[in-house]
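Let's walk through this structure together, strand by strand and then out to the helices. Keep the 3D view open as you read.

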Amino acid sequence: MLQKWSFPTRLFAIYSLIVFLVIPLSSIVLYRYYKSIAYQTLSESFQWEVTTLAEQLDNVIVSADGLVVNTLVNPSIENWMKEQPDTNSNNKVVSVFNKMRLDLDIDPDSFNRISIIKDTGIFLTVGSTSLNRDQAKKKIADLSWFGDLQQRPLLVLPPHRDDWDSKGKMIVSVIRGGVPGTLLEVQIPFSYLEAMLFKGNFATNGNHVVLYDENNRIIYPTTEQEPPPGQNITAESRINHAGWRVEVTQPMELLLKSVRETGYWMAAIAGGLSLVSLVMIYFFTTRTTKPLVRLSQAMAQVPGDAGTNEQLSKLFEKIDGGDTHNEVVHLYRAFQSMLERMEESKQQAVEARSREFQAQFLALQAQMNPHFLYNTLTLIGMLGMEDGNDEILKITSELVQMLRYITYDSRELVTLKEEIDHALCYLDIMKTRYRDHLVFDVHLEGDLTAVRVPKLTVQPFVENCVKHGFAKKKYPWRIELDVAVTDTGWKVQIRDDGDGFSADYLQKFAGNRGKLGRLDLYAEGGGVGMLNTYIRLYHTFGSKLQFALSNNEAGGASVYLGLETEVATDVKNIAG
């Protein structure tokens, strides 16, 4: 589709596509990063707010408990509790209560009443009550929590109805024991604690607030409520003095409302930047390609005659072509030069085309047999896999890999790793043929991709072990391949436990090494033998090549080849 568009249109489309990819994708990545940071920050802030709420509730209970403690240690009140009064009123004690509440600067709204209760039925309170002494005595006898203070010094009762008032106002009681048989109770209006929840918007805006007592029972809300639907975030904190726990659940949508609004702004900014970029790209594309468009239109009208060429030259006659960096002018010059050479090149082009067809035919003919062989081997492997014989697929795959490495790859130098992989394919095939009769040990060290060597410099030596080294030796056979690349060079050593080299062969090989200039590279019937491999290595690395044939002390042959320098150098330069 792009091929049908003009060059300016294609240029504009490509840059527009880049803009629409870069700006929106950048905005999305930035927004996701901002959202993750904002979520973490908002979550921490939400947890901090819940912790602050728990501390505020705890401070109210601590203030009430402070009033209880200060009241218990007051001498006047302590003496009254030790006495056996026969009345539920004592103006002196009541005045001490009121003065103490003022001295401790207790918020009047956080205080409902303070009461001294004796197990004998004596009941003294600061706050309204409709109970007489007999009623109070009966109420005291019915209190289920009166004996709980024997096991604990402080008792905080969850929200309940006021036991001393017939109106039954909801309160929270903070209770401590005094002298034996006496306790002191300070009541906090539950409406005061509830107002703290609404003041911080914790019980509104879709939030779900739950208070749990020390036994993990729900004490607020008094009626069962379902948490907000959808995905939520929950934070909790303990009210230490009461042993309670406050848990606040907030809808995720509410938490991330500001983040979502920021995302809308980011999308709008990205859209605006994209539009501005498109306008600028259109402007500069049009201005930049305008001369090129005109030249293209002129070229399209050129039939090759002198008259049209003269018209084309007038288009650029006002431009000084002596010293210009205008690519369009250079294009015009190249076009003119092309027209001048076109006629004389026609015959050459025809001849070159004919030779090209002939070369392609020969190349195709040369590739027919390898292609047929590769396809046949692949077919054999697939048939073996269909019959459940994966070994056939493995052998044919490795053989195809070896043949392609030999025939298709036209490079003179390959990496040492590629050469070792080729040798390992050969060993794998031989291992499949001879099974447990053949054992090979390979040790590789260093970066083998950093060294380049002539193709087929390792596998011929390995093949020589199998073909000649083990010709007269009984099973099992063993081949060792050690390859190392260091900062100062590389080395390859192949060892076997076969018959080893004969003395005549070693002498003949040493003599031929001195005749390199007079030896044919394929002297051994066209095959790549050990001597020919050495010749190719010597032509690549020269006198720096280290090459040795020897026999092991325990039997078998050893081939060593490598290259070392006197000082550390870049191993990539070792291969010449």
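Start with S11 and S13, which run parallel and are joined by eight bridges. Strands and helices here are DSSP runs numbered from the N terminus, with at least two residues (E) for a strand and at least four (H or I) for a helix; two strands pair if DSSP finds at least two bridges between them. To find the register, look for Leu 438, which stands opposite Trp 477 in S13. Helix H11 (residues 416–434) packs on the sheet and touches S11, S13 and S14, and its direction makes about 165° with that of S11. Contact here means heavy atoms within 4.5 Å, while axes are lines fitted to C-alpha atoms, for helices over the stretch in contact, and angles run from 0 to 180 degrees between N-to-C directions.

A word on what you are viewing: this is a predicted model, in which local features need pLDDT of at least 70 and side-chain atom pairs count only at pLDDT 80 or more, whereas totals for chains, interfaces and linings use all residues. Residues are numbered from 1 along each chain as its sequence is written, and side-chain values use heavy atoms, with hydrogens and water left out.

Now step back to the whole sheet. It is open, has five strands in the order S11-S13-S14-S16-S15, and its pairing is mixed. S11 (438–445) and S15 (545–551) stand at the edges with a single partner strand each, so one side of each lacks a neighbour in the sheet.

Move inward to S14. Strand S13 (residues 477–486) runs antiparallel to S14, with eight bridges joining them, and the two form a hairpin with two residues between them. Within this pair, Val 485 stands opposite Trp 490 in S14. S14 also pairs with strand S16 (residues 557–564) in the antiparallel sense, over seven bridges; there Gln 493 has Tyr 560 as its bridge partner. Six of the eight residues of S14 (residues 489–496) are buried (under 20% relative accessible area, 1.4 Å probe, protein chains only), so S14 is largely enclosed by the rest of the structure.

Finally, look at confidence, given as pLDDT, the predictor's confidence in each residue from 0 to 100. The protein chain averages 77, and 71% of the residues score at least 70. Among its elements, S14 has the highest mean pLDDT (95) and helix H8 (residues 306–314) the lowest (57). Where pLDDT is low, the predicted coordinates should not be read in detail.

Note on methods:
Buried means under 20% relative accessible area, exposed over 50%, partly exposed in between (1.4 Å probe, protein chains only).
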